[in-house]
Amino acid sequence: MAPRSARAGAAGSGERELLVEADVARTIARMAHQIIEKTALDAPDAPHVVLLGIPTRGAPLARRLSAKIAEFTGVTIPTGTLDVTLYRDDLRRRPARPLEPTSLPDGGLDDALVVLVDDVLFSGRTVRAALDALRDHGRPAAVQLAVLIDRGHRELPIRADYVGKNVPTARREEVWVRLTELDGADAVLLRRSEPDAAGAVPSADSPGDGPAGDAR
Amino acid sequence: MRHLLSIADLDAQAASTLLDTADRLEQTLLGRQVRKLPTLRGRTVVTVFYENSTRTRVSFEIAGKWMSADVINVSIGGSSVGKGESLRDTALTLAAAGADCVVVRHPASGAAHRLAQWLAHTGVAVVNAGDGTHEHPTQALLDAQTLRQRLGDIAGRRIAVVGDVLHSRVARSNVLLLTLLGAQVVLVAPPTLLPSGVGSWPVEVSHDLDAVLGGVDAVMMLRVQAERMHGGFFPSAREYAVDYGLNRRRLDLLPEHAPVLHPGPMLRGMEISSAVADSGRALVTEQVRNGVHLRMAVLYHLLAGEEVE
């Protein structure tokens, strides 16, 4: 495997490529194996497992995990998306965001083992919003959390059950997850955001253009 | 978005964003056990209606409550307005009492704009729920949402707006919004019920409903606003029904894909026959249902964003 430093140039100055396409694929495959093992979803008395992606990039990740699980076990796990915008606790601190789709699998969430899927786990506030949203949609038997990247800096007592990669970051750094479905290619990038003239760290709010994670 | 006063204040992108948000909200609430979102918790919405209304006021009230806002209705009979308090004093009182948003219906055109000016220093958002014969932007938006759901894209569609255009704020807002979204609008009305400046509107005008129906993708019927008519605008209700009422025979002239809309309340037998109003082609109840989601979208974009410093 090539050293990480050798990839830095390709991603542009001030930007480090943490995962390239093959790494992303391998990481998702490993997470799929972990989900199979921990939930025993291919056992005869398997629980009713549902993968719920948190838009934007959690949604394609959930679909990919489901596809991998089907490939490894032959079991098709239903997927859905759960937009948490209306449950966020920072709505009055940023411009109103556009809403993303919510779609739950047929059969709903009651008594299911729901695995929430997101790209980056950061402060934990998105996950808290997702837990609040879930409560209004039904009563799952249990809720687990799968994230591609855990970058730390938690502000709430939340941890993930499945982590693709732990990435120690500085607060000022940004983690950008890029997925083929939305961005044309798979990659995970680490960027250092520079403070502007007023000393504020720039933030990007629009999904797709901003850094990934729950402090978006 | 600070206020929603007029469709003229929106561009196509802003209008589409509101419609998209309304669709998303509908989808979010579909089949849920709890139809309540915490989004506007701690925000206060006051509806002040200087004219009677059931569906618009209730629609805003439900919209606010489904988003967890505190909604207070000020009815004119039971408030200081009945004692002669001015609109300005009422508005400043509501702002001082902690309202975050005032939804106002008023018989005077321009009242919502004046209210927004008086409240400019307070950060209170104003929503125009109908001002005189001027505009009714949320009605036009919910009509557009209903049309979009039924027809797909609105751009390139030909829509007939039929009836009392002269007194209709719904017609004015709809003409602005539908043309903004790329539709062609045909106004169908007796000459006495068309405004004098209609020649400068971006619409076609016809007095022959039968001739228009075959070539449109939807028909929006208007209410005959008898309460605004001070004089004879047409000889009799019967003659109006014969010339401009939508009946079974005329429904058959419409292309099969074309729905019928009416903002309500309907004058059955005059503007629209019961056979049409109760048919599957009429989207009146969809309009009312969409009205709640659309008004949720408006409140969301006005109140969920950044606090005004």
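How many residue pairs are in polar contact between domain 1 of chain B and domain 2 of chain B? In this predicted model, the count is 23 pairs, with both residues at pLDDT 80 or more. Five elements of chain B each supply at least two residues of the side of domain 1 that touches domain 2. They are the helices α1 (12-29), α2 (55-66) and α11 (284-303), and the strands β3 (101-106) and β4 (125-131). The largest share of this side comes from α1(B), with nine residues. By class, the side of domain 1 of chain B facing domain 2 of chain B holds 13 nonpolar, 10 polar and 11 charged residues.

The two domains of chain B are set out as follows. Domain 1 covers 7-136 and 288-303. Domain 2 covers 137-286. Their centres, taken over C-alpha atoms, are 25 Å apart. Contact between the domains involves 34 residues of domain 1 of chain B and 29 residues of domain 2 of chain B. The size of an interface is often given as the accessible area lost when the parts come together. Between domain 1 and domain 2 of chain B, about 2,600 Å² is buried. Carbon and sulfur atoms account for 56% of that area. Three residues, B:Ile7, B:Leu19 and B:His136, supply 26% of the area that domain 1 of chain B buries against domain 2 of chain B. No other three residues supply more.

Charged side chains also link the two domains. Three salt bridges are counted between domain 1 and domain 2 of chain B. Within chain B, the side chains of B:Arg148 and B:Asp20 meet in a salt bridge, at 3.0 Å from N to O. B:Asp20 falls within domain 1 and B:Arg148 within domain 2.

A further interface joins chain A and chain B. Here 18 residues of chain A are in contact with 21 residues of chain B. The buried area is about 1,800 Å², and carbon and sulfur atoms give 52% of it. On the chain A side, A:Leu86, A:Arg92 and A:Leu99 supply 38% of the area buried against chain B, more than any other three residues.

One salt bridge is found across the interface of chain A and chain B. B:Arg32 forms a salt bridge with A:Asp136, and their closest N and O atoms are 3.3 Å apart. Seven residue pairs are in polar contact across this interface, both residues being at pLDDT 80 or more. The side of chain A that touches chain B has seven nonpolar, four polar and seven charged residues.

Key. Residues numbered from 1 in each chain as written. Chains lettered and ligands numbered in written order. Predicted model: local features only at pLDDT ≥ 70, side-chain atom pairs only at ≥ 80, totals over all residues. Heavy atoms only, no water. Domains from an automatic or database assignment. Contact = heavy atoms within 4.5 Å. Buried area = accessible area lost by both parts, 1.4 Å probe. Salt bridge = Lys/Arg side-chain N within 4 Å of Asp/Glu carboxyl O. Polar contact = N/O pair within 3.5 Å; in protein donor to acceptor, adjacent residues only side chain to side chain. Helix = DSSP H or I, 4+ residues; strand = E, 2+ residues; numbered from the N terminus. Nonpolar A, V, L, I, M, F, W, Y, C, P; charged D, E, K, R; others polar.
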